[in-house]
Amino acid sequence: MSDLDFERKHEEDLQRLRGLRLLDDDFMNKVFEDTACAEFLLQIILQRTDLKVQRVHGQHDIRNLQGRSIRLDILAVDVSERVYNIEVQRSDKGAGVKRARYNSSLIDANVTEPGDEYEKLNETYVIFITEHDVLGGGCPIYHIDRTIKETGALFGDESHIIYVNAQIKDDTALGQLMHDFSCTSAEQMHYQILANRVRYFKEDTEGVATMCKAMEDMRNEAAREATKAKTVSIARRMLKSGKYTYEDIADILEISVDEVKALDESQSA
């Protein structure tokens, strides 16, 4: 990349950074990688002042049994080993009910080890913060827990799904939090702990550099994923044609023979 191209990209990143809100997942990830901010967020959503986060991970990858991975925005664990997945979604499609179910099941599969007793399974929370009222009930927050249909009693499996509707910005603690999620400027925000973190990434030299590097990394990752998807598509067409051996495809596309075999087996399944 030439110096001119680099300067142009950098200026574009700075301009984009000025307009980012906590409702933008790449910005939200960096802000809530901070343990204190993640703890504050969960305390308001769950209305629990006793909740203490002991560790938090942003952009956390987990895999299913078939090897398909999903990237979680925020994964936090409290001192009682309860696990929290926090996702921010501007698109209704990204916050579908089966996505919530999938995230919940993957967390269960990844927090257990062979031989663990089922009763020791961690309590989990999958929390979607959505720009629109995805569930359409006009509520500021929705709590989803399994119940026994015949009795109405809670099933008690300690698996929870929560949707937070960012459209409602009233004077409650949650409403003020959603107001802050919609702000582009720290000065507009109610909560100082979040405003300070936002100000760091938007105004502090070190914080701005961190965010610009994160945006560059995301661009590079997107480019790699696009290249990988194109390679997979070409490989599948070559396999389908029946004209090429595994070795031919691997040599032409510069991938391993094992990768070609895996693609062929997945097509045949």
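Is Leu 135 buried, partly exposed or exposed? Leu 135 is partly exposed, with a relative accessible area of 35%. The legends below describe a predicted model, beginning with the whole chain and then turning to separate sites.

**Figure 1. Overview of the predicted chain, with 9 helices and 6 strands.** The chain has 269 residues, and buried residues make up 39% of them. Along the principal axes, the C-alpha atoms fill a box of roughly 65 × 60 × 35 Å. A search of the whole structure finds 11 salt bridges. Some of these salt bridges appear in the views that follow.

**Figure 2. A nonpolar patch on the surface, made by Val 97, Leu 135 and Ile 144.** The patch covers about 240 Å². Leu 135, the residue of the opening question, lies in the loop between strand 4 and strand 5. Its relative accessible area of 35% falls between the limits of 20% for buried and 50% for exposed, so Leu 135 counts as partly exposed.

**Figure 3. The salt bridge between Arg 16 and Asp 26.** The closest N and O atoms of the two residues are 2.4 Å apart. Arg 16 belongs to helix 1, which spans residues 3–19, and Asp 26 belongs to helix 2, which spans residues 25–31. The two partners are 10 residues apart, and the pair links distant parts of the chain. Arg 16 is partly exposed, at a relative accessible area of 40%. Asp 26, in contrast, has a relative accessibility of 7% and counts as buried.

**Figure 4. The salt bridge between Glu 131 and Arg 21.** The side chains meet at 3.1 Å, N to O. Glu 131 sits in the loop between strand 4 (124–130) and strand 5 (141–144), while Arg 21 sits in the loop between helix 1 and helix 2, so the salt bridge ties together parts that are 110 residues apart in sequence. Arg 21 is buried, with a relative accessible area of 14%.

**Figure 5. The salt bridge between Glu 187 and Arg 199.** Here the N to O distance between the side chains is 3.3 Å. Glu 187 is in the loop between helix 5 (173–181) and helix 6 (192–203), and Arg 199 is in helix 6. The two residues are 12 residues apart. Glu 187 counts as exposed at 54% relative accessibility, whereas Arg 199 is partly exposed at 24%. Elsewhere in the chain, salt bridges that share partners join Arg 21, Asp 24, Arg 90 and Glu 131 into one network.

**Figure 6. Asn 122 and the backbone of Glu 81.** The side chain of Asn 122 reaches the backbone oxygen of Glu 81 at 2.8 Å. Asn 122 is in the loop between helix 4 (97–110) and strand 4, and Glu 81 is in the loop between strand 2 (69–78) and strand 3 (83–89). The relative accessibility of Asn 122 is 17%, under the 20% limit, and therefore Asn 122 counts as buried. Glu 81 counts as partly exposed, at 35%. Most residues other than glycine have a negative phi. Glu 81 is not a glycine, yet has a positive phi of about 65 degrees.

**Figure 7. A patch of negative charge on the surface.** Glu 247, Asp 248, Asp 251 and Glu 254 gather here. Which loop holds Glu 254? Glu 254 lies in the loop between helix 8 (246–253) and helix 9 (257–268). At 73% relative accessibility, over the 50% limit, Glu 254 counts as exposed. The phi of Glu 254 is positive, about 60 degrees, although Glu 254 is not a glycine.

**Figure 8. Gly 19 and Lys 202.** How many residues apart in sequence are Gly 19 and Lys 202? The two are 183 residues apart in sequence, and their C-alpha atoms are 9.6 Å apart in space. Gly 19 has its place in helix 1. With 41% relative accessibility, Gly 19 counts as partly exposed.

Key:
Residues numbered from 1 in each chain as written. Predicted model: local features only at pLDDT ≥ 70, side-chain atom pairs only at ≥ 80, totals over all residues. Heavy atoms only, no water. Patch = residues over 30% accessible without salt bridge, like charges linked within 9 Å, V, L, I, M, F, W, Y side chains within 5 Å. Areas by Shrake-Rupley, 256 points an atom, 1.4 Å probe, with all protein chains shown as cover. Salt bridge = Lys/Arg side-chain N within 4 Å of Asp/Glu carboxyl O. Lys, Arg positive; Asp, Glu negative; His and termini not counted. Charge placed at Lys NZ, Arg CZ, Asp CG, Glu CD. Helix = DSSP H or I, 4+ residues; strand = E, 2+ residues; numbered from the N terminus. Buried < 20%, exposed > 50% of the residue type's maximum accessible area, 1.4 Å probe, protein only. Polar contact = N/O pair within 3.5 Å; in protein donor to acceptor, adjacent residues only side chain to side chain.
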